[in-house]
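This report describes the pockets, the ligand site and a few backbone features of one protein model. Please look at the structure first and then follow the text region by region.

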Amino acid sequence: MAATIIDGKAFAARVRAQVAGQVARLTSEHGITPGLAVVLVGEDPASQVYVRSKGKMTIEVGMASFEHRLPETATEGELLDLVDCLNKDDQVHGILVQLPLPDHLNSNLVINAIDPAKDVDGFHISNVGRLGTGQNAMVPCTPLGCLLMLRDTHGSLSGLDAVVIGRSNIVGKPMFNLLLGESCTVTVAHSRTKDLPKVVRRADIVVAAVGRPNMVKGNWIKPGATVIDVGINRIDAPERGEGKTRLVGDVEFDSAAQVAGAITPVPGGVGPMTIACLLANTLTACCRANGLPEPEGLTV
Ligand code: NDP
């Protein structure tokens, strides 16, 4: 196997340790404790797991964690009232409304009701615009995690050819903007792209955010390229026993690792970086709110 495996779990632990160090300094030197509020509406099992682990890690880095649960039947008005309270609460520096929301609630309306300075998911329209115009944005956590891993692998990304596969608002488009901001030459591919293997083959950096198991093959990868696999796909794993499943990415790991220079595994690659970057964003939001210098190396 030729490629260096980028250990997202270890990298995320380093980011969390860096955040914890700066939180301790903020608390001891300025008497400020960064606070993250997470809002969960309904009983979606996957969302409950995410919210629990976000709360646990928030406390582990020394921040205050505020968890708000509303029933599945909550009205838009009730949710907007809660967001308004959190916007006004000085102890809350970051607000995350766990998605997806139940169908009767308008996600865009709710996200855009969050104070953009506290929008640690980076989904508020004003943060989207700031990122697109190179201004001080809150950056969506998953693409930020990908960027931190790429910077760590390459140092400067300037002039490199990058291909992002996927154009969603939460991964593909912000990733495009981040890579452009690093002076990469960026192509964004999607379901209508013609000859995707040929497009991918010219890239020094490939970010796959599609949601299709093992779609990107090793023979699509330029030798030595860095491959960041955002995809999380659960597939059947009969080899592990009847009814068993396992997680795979959008990239066929074994064949791609023969050719790539560096590659993230699934699980253990991008996934752990997402919560680490949520904590980093909360720290950034707290520093900005208090007119203090932003944490080094954790923002764009
Ligand atoms: P979306 O479904 O919103 O977007 C998928 C994108 O892939 C679309 O732009 C779509 O194109 C494109 N696409 C679909 N089929 C093809 C194809 N055959 N060839 C090329 N492009 C294709 O997904 P997300 O961006 O939300 O998520 C992508 C993956 O990343 C998922 O597996 C998700 O679970 C994972 N994810 C992981 C996170 C993490 O923390 N690691 C966080 C967020 C997501 P088109 O626009 O034309 O339809």
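On a 1 Å grid over the protein atoms alone, a pocket is an open set of points with protein on both sides within 12 Å along at least five of seven lines, a cavity is a set of points where a 1.4 Å probe fits but cannot get out, and lining residues have an atom within 4 Å of a point. Grid points are joined across faces, edges and corners, and a volume is the space filled by probe spheres set on the points. The model is predicted, so to speak of local features a pLDDT of at least 70 is needed and side-chain atom pairs count only at pLDDT 80 or more, while totals for chains, interfaces and linings use all residues. Residues are numbered from 1 along each chain as its sequence is written, and side-chain values use heavy atoms, with hydrogens and water left out.

## Domains and open spaces

The domain assignment, which is automatic or taken from a database, gives domain 1 (30-117) and domain 2 (141-272). Taken over C-alpha atoms, the centres of domain 1 and domain 2 are 29 Å apart. The table sets out the spaces found in the protein, with residues classed as nonpolar (Ala, Val, Leu, Ile, Met, Phe, Trp, Tyr, Cys and Pro), charged (Asp, Glu, Lys and Arg) or polar (the others, Gly among them).

| Space | Volume | Classes of lining residues |
|---|---|---|
| Largest pocket | about 1,300 Å³ | 27 nonpolar, 11 polar, 7 charged |
| Second largest pocket | about 340 Å³ | 9 nonpolar, 6 polar, 1 charged |
| Largest cavity | about 50 Å³ | 5 nonpolar, 4 polar, 1 charged |

The largest pocket is lined by 45 residues, and those nearest its centre are Tyr50, Thr142, Ile232, Gly271 and Thr274. Helices and strands are named here from DSSP runs (H or I of at least four residues for helices, E of at least two for strands), numbered from the N terminus. At least two lining residues of the largest pocket come from each of helix H1 (8-30), helix H2 (45-60), strand E4 (94-97), helix H6 (141-154) and H10, and H2 gives the most, with 7 residues. Because domain 1 and domain 2 both give residues to the lining of the largest pocket, this pocket lies between them.

The second largest pocket has a lining of 16 residues, with Asn108, Phe123, Val128, Asn169 and Ile170 nearest its centre. Helix H4 (107-111), helix H5 (125-132) and helix H7 (172-181) each supply at least two residues of that lining. The second largest pocket also lies between domain 1 and domain 2, because both give residues to its lining.

The count of cavities of 30 Å³ or more comes to 1. Among the residues that line the largest cavity are Asn136, Leu144, Asn281, Arg288 and Val300, and H10 gives the most to this lining, with 3 residues.

## The ligand site

Which residues come nearest to the ligand? Of the 22 residues around the ligand (a residue is near if one of its heavy atoms lies within 4 Å), these are Arg167, Ser168, Ser191, Arg212 and Thr274. The shell divides into 10 nonpolar, 10 polar and 2 charged residues, and helix H10 (residues 270-289) gives the most to it, with 3 residues.

Several polar contacts (pairs of N or O atoms within 3.5 Å; within protein, one must be able to donate a hydrogen and the other to accept it, and residues adjacent in sequence count only if both atoms are side-chain atoms) join protein and ligand. A side-chain N or O atom of serine 191 lies 2.5 Å from an oxygen atom of the ligand, while a backbone N or O atom of histidine 190 is 3.5 Å from a ligand nitrogen atom. A polar backbone atom of isoleucine 232 is 3.1 Å from an oxygen atom of the ligand. The ligand on its own has 930 Å² of accessible area, of which the protein covers 70%; such areas come from the Shrake-Rupley method with a 1.4 Å probe, and for residues only the protein chains shown count as cover.

## Backbone features

Most residues other than glycine have a negative phi, and most peptide bonds are trans. The peptide bond from leucine 99 to proline 100 is cis, with omega near 0 degrees, and proline 100 is placed in the loop between E4 and H4. Valine 266 and proline 267 are likewise joined by a cis peptide bond, with omega about 0 degrees, and proline 267 lies in the loop between strand E11 (262-263) and H10. Serine 183, although not a glycine, has a positive phi of about 65 degrees, and this serine is found in the loop between H7 and strand E6 (185-189).
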